[in-house]
Each structure stands twice: as structure tokens, then as C-alpha cells.
Amino acid sequence: MSCPPEIVAIIQKLNRQITPDLIAIRRWMHENPELGFEEIETSGMIQHELDKAGVSWQGGFGKTGVCATIDGGKGPCIALRADFDALPFQETGNPAYKSKIPGKMHACGHDAHTAIILGVVRILSQIDLLPGKAMFIFQPAEEVLGGARAMLEDGLFRYCDPDVVLGYHNWPPLPAGTIGWHPTTAFASSDPFDIVVKGKSGHGAHPHFAKDPIVAAGALVAGLQNIVSREVAPLNAAVVTVGSIHGGTARNQIPDIVTLEGAVRTQSEDVRQLVKQAIFRISEGIAQQFDMEIEVKFLQGVPPVVNTPEVLAKVVETARHSLGSENVIELPQGTMGSEDFAEYSNLKPSAHLRIGSQHKALNTMLHRSDFDLDENCIPTAVQVLCEAMISLMLEESHAASVA
């Protein structure tokens with residue numbers, strides 16, 4: 001069921017009224033970025049805004065995370081999640097609201113994400129008798145892929161157990177005023193790994209008395225690249241990246257140890273496990289070839305974000321009704337970037353949207369030091385998400401009554 005026209009009109013009116021306030025919140029956050037699990041002032045601001053809206057909330061999930069709820073009718077509980085941490089980058093752009101904190105900036109748009117969810121809170125708190133319950137997840141530490149897990153471990157879903165979880169991310173390739181979506185996997189899995197190659201040190205002039213871990217590490221890096229090109233089916237997405245290699249302190253000495261740090265990204269669980277197993281196997285082979293020890297350790301990762309078809313279909317239908325079909329764009333592929341929204345989507349029916357945020361004056365992208373976005377993405381997202389949450393409450397309520 002669609003959001004009733006009279007409620008759509010109320011949402012539109014309130015959205016116009018609050019947009020200047022939401023932009024001001026976004027700019028304050030941009031000036032005052034905080035890294036994952038350190039977002040004390042940001043969390044305090046969120047709590048203050050929730051109090052102003054008269055909405056009940058509970059803090060302390062994942063240290064700085066907050067969960068707010070609005071009770072309504074007997075319909076289902078629809079959750080909306082936004083992240084609010086920044087990145088350890090020095091901002092090189094020069095907006096009027098440039099970061100005041102050296103070495104930290106909102107280079108991924110989480111400041112806008114927070115403004116958006118606060119806008120949805122403000123509007124839904126003024127809708128008389130929602131047809132269901134609204135849950136709002138304000139999450140820290142998405143950039144380190146640990147905030148969602150930390151909130152869940154602290155009892156987030158015991159505090160409020162949602163029936164559906166919605167997520168979103170601003171998307172610079174799309175213009176403001178548009179919404180993007182992908183029918184299946186929206187974001188890839190991410191599995192960071194550490195590899196330690198243990199050789200035997202010696203003089204560079206006498207390599208036969210040593211076991212050179214640098215040479216072995218080079219062979220290992222080359223071997224790992226064959227996984228995607230020769231073991232993963234060509235139409236399946238996978239990336240193996242070794243982003244850091246450290247070993248040695250002098251040009252004329254062979255070191256004892258070389259360390260490698262990298263990550264695996266895939267868009268399906270089968271390929272994810274295939275690649276991880278191949279890394280272990282190739283590492284064992286290189287260790288035998290060079291007669292040394294190689295240790296592989298996978299750190300805590302996140303699975304892919306896979307949309308639930310029924311939920312996504314309803315959200316896309318709502319977005320088309322709200323913005324016009326020409327402004328709701330099916331993306332030809334997901335992204336190999338990762339999102340710890342996967343921790344929620346792995347547990348609950350879910351859908352994840354891309355919010356067009358292209359800055360017309362900048363040729364920039366997420367995680368760049370000159371990143372900025374078109375703030376018109378904020379009211380666009382607020383409108384669509386308010387309507388989507390209500391539509392899902394009505395849809396699930398209707399289905400339950402028919403059953």
C-alpha cells in the first residue's frame with residue numbers, strides 16, 4: 001500500500017520547513033568531525049535533537065550509538081539506519097564549513113546521512129498515529145566496519161526488534177534529486193587479512209646463508225592475483241588487494257620478516273569462501289617453495305549487503321511515486337565498496353538505497369580529501385524515506401490482516 005496522499009502532503013510541507021535546519025546540522029558536523037567510537041559531541045548533538053523532537057531514545061549502544069523510537073499503531077516496526085563517523089583525512093577543499101579539526105573530515109558524507117535521519121525523525125514525530133513503529137539507528141564507526149556489530153552486541157535488537165531495516169548512502173555519480181538502487185547485492189563483503197612471511201636474516205652479499213622473505217612475499221603477491229583471474233568465474237565479482245608491505249631496514253641486509261596487509265571483497269558468500277580458502281592454499285604453497293613459514297590471519301569482516309526483493313520493490317515503488325520514475329535509477333551493478341549495514345541486512349529483511357549527491361562544481365568522489373556534496377540530496381532522501389517507512393508499515397499491516 002502506498003503512503004496516503006494527505007500524509008505525503010504533510011511530509012512535503014514539513015520537509016520544506018525543516019530543510020534549512022538540517023543543512024545547518026550537516027554543516028556543523030562537517031566542521032566538527034569525529035572518528036569511529038570517538039563521536040562524543042556528535043552523539044550528544046543527536047540526543048539533543050531527539051529531545052527537541054520529543055522522541056524517546058536510548059544511548060550507549062556501541063559506546064556512542066543511539067537508538068530512537070516512535071510508537072504508532074499495530075503495524076510492524078520499520079528501522080532506518082544512518083552512520084555518523086568521519087575519516088582521518090586532512091580536508092583540502094575550502095567550503096565555508098571546512099573541517100576545524102586537523103587530520104579529520106567527513107569525506108564520505110556521513111554528516112548528510114545524520115541530517116537526513118534527523119529530518120525523518122522530526123517529520124514522523126509529527127504524523128498523528130503512525131500505522132506502525134519507527135526505529136532510528138544512529139550508528140558510530142562504520143568506516144572501520146565495527147559500529148553495527150558493536151551496537152548489536154550491546155543489545156540493540158533486544159532493545160527494539162525491527163521487522164525491516166532500511167539503509168542509504170549518498171552517491172556522487174548521481175545528481176541530487178535522484179535515487180539509485182540495485183536489485184541484488186548493493187555492497188560487497190570485506191575481509192581484511194594480515195600475512196606474516198618468516199624467513200631468516202642475513203647479509204645481502206651472502207643470500208645462500210639466509211631465507212629471503214622479501215622474494216617469497218613478492219611471489220605471494222603475484223600468486224594472490226591469480227585467484228581472481230583464474231579461479232573466480234569471470235562474471236562473478238571479486239577483488240584481492242594487498243595494500244601494505246613492510247620488511248627490512250637496510251639495503252644490504254635480508255630481513256627476518258615481511259608483513260602484508262590486504263583485503264578481499266566479493267559479492268556472494270560462495271565466492272567469498274572460495275577466495276579465502278585460495279589465499280590459505282597459495283600461502284602454504286609459497287611457504288613450501290621457499291622453505292619458510294607463512295602465517296595468514298583474517299580479521300573480522302562483513303558479509304555483502306544483499307537487498308530483500310520484496311522490501312526493495314516497495315521502496316523503489318514509493319520512490320518512483322515520490323520523485324517520478326525518471327529520477328529513480330536502476331544501477332547496472334553494485335559497488336565493490338563495503339558497508340557494515342550488512343550486519344543488519346544479514347539478520348533482517350532490508351533494502352539499501354543510493355542518494356544522488358553529485359556536487360556540480362566538483363569532480364570528486366567518496367573518501368577524497370576534497371569531497372563535498374550537493375545538499376539538495378538531504379530533502380530528497382527525507383521525503384522518500386518518510387514515505388517508504390509509512391508505506392512499509394501499511395503494506396505489512398495489510399498483509400497481516402489478510403493472513
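Student: Which residue in S13 is the bridge partner of Asp194?

Tutor: Before the answer, keep in mind that this is a predicted model. Strands of a sheet pair through backbone hydrogen bonds, and they do so either parallel or antiparallel. Here, Asp194 has Lys297 in S13 as its bridge partner. The strands involved are S8 (residues 191-198) and S13, which run antiparallel and are joined by six bridges.

Student: Which residues of S13 are on its covered face, and which are on the uncovered one?

Tutor: S13 covers residues 293-298. Ile294, Val296 and Phe298 make up the covered face, while Glu293, Glu295 and Lys297 make up the uncovered one. So Lys297, the partner of Asp194, belongs to the uncovered set.

Student: What is the strand order in the sheet of eight strands?

Tutor: Read across that open sheet and you get S1-S2-S4-S3-S5-S17-S6-S15, with mixed pairing. At the edges are S1 (56-61) and S15 (328-330), each pairing on one side only. On average, neighbouring strands here are turned by 25° against each other, direction ignored.

Student: How many bridges hold S6 and S15 together?

Tutor: Three, and S6 (residues 179-181) pairs with S15 in the parallel sense. Within that pairing, Gly180 has Ile329 in S15 as its bridge partner.

Student: Which strands does helix H3 touch?

Tutor: H3 (residues 110-124) packs on this sheet and touches S2, S3, S4 and S5. Its direction makes about 160° with that of S4. Helix H8 (residues 309-323) packs on the sheet too, touching S5, S6, S15 and S17, and its direction makes about 35° with that of S17.

Student: How many aromatic pairs are there?

Tutor: A pair of aromatic rings is described by the distance of the centres and the angle of the planes. The count in this model comes to five aromatic pairs. One of them is Phe157 with Tyr344, a tilted pair at 6.0 Å centre to centre with 40° between the planes. That pair links distant parts of the chain: Phe157 is in helix H5, Tyr344 is in helix H9, and they are 187 residues apart.

Student: Is Phe157 buried or exposed?

Tutor: Phe157 is buried, and Tyr344 is as well. Together with Phe341, these two residues form one aromatic cluster.

Student: Where does the charged end of Arg354 sit?

Tutor: Over the ring of Trp171, at 4.3 Å from its centre. Arg354 also lies over the face of Phe187, 5.1 Å from the ring centre.

Methods. Residues are numbered from 1 along each chain as its sequence is written. This is a predicted model: local features need pLDDT of at least 70, side-chain atom pairs count only at pLDDT 80 or more; totals for chains, interfaces and linings use all residues. Side-chain values use heavy atoms; hydrogens and water are left out. Buried means under 20% relative accessible area, exposed over 50%, partly exposed in between (1.4 Å probe, protein chains only). Helices (H or I, at least four residues) and strands (E, at least two) are DSSP runs, numbered from the N terminus. Two strands pair if DSSP finds at least two bridges between them. Axes are lines fitted to C-alpha atoms, for helices over the stretch in contact, and angles run from 0 to 180 degrees between N-to-C directions. Contact means heavy atoms within 4.5 Å. Rings of Phe, Tyr and Trp (its six-membered ring) pair if their centres lie within 6.5 Å; planes under 30 degrees apart count as stacked, over 60 as edge-to-face and the rest as tilted. A charge sits over a ring if NZ of Lys or CZ of Arg is within 6 Å of the ring centre and within 35 degrees of the ring normal.
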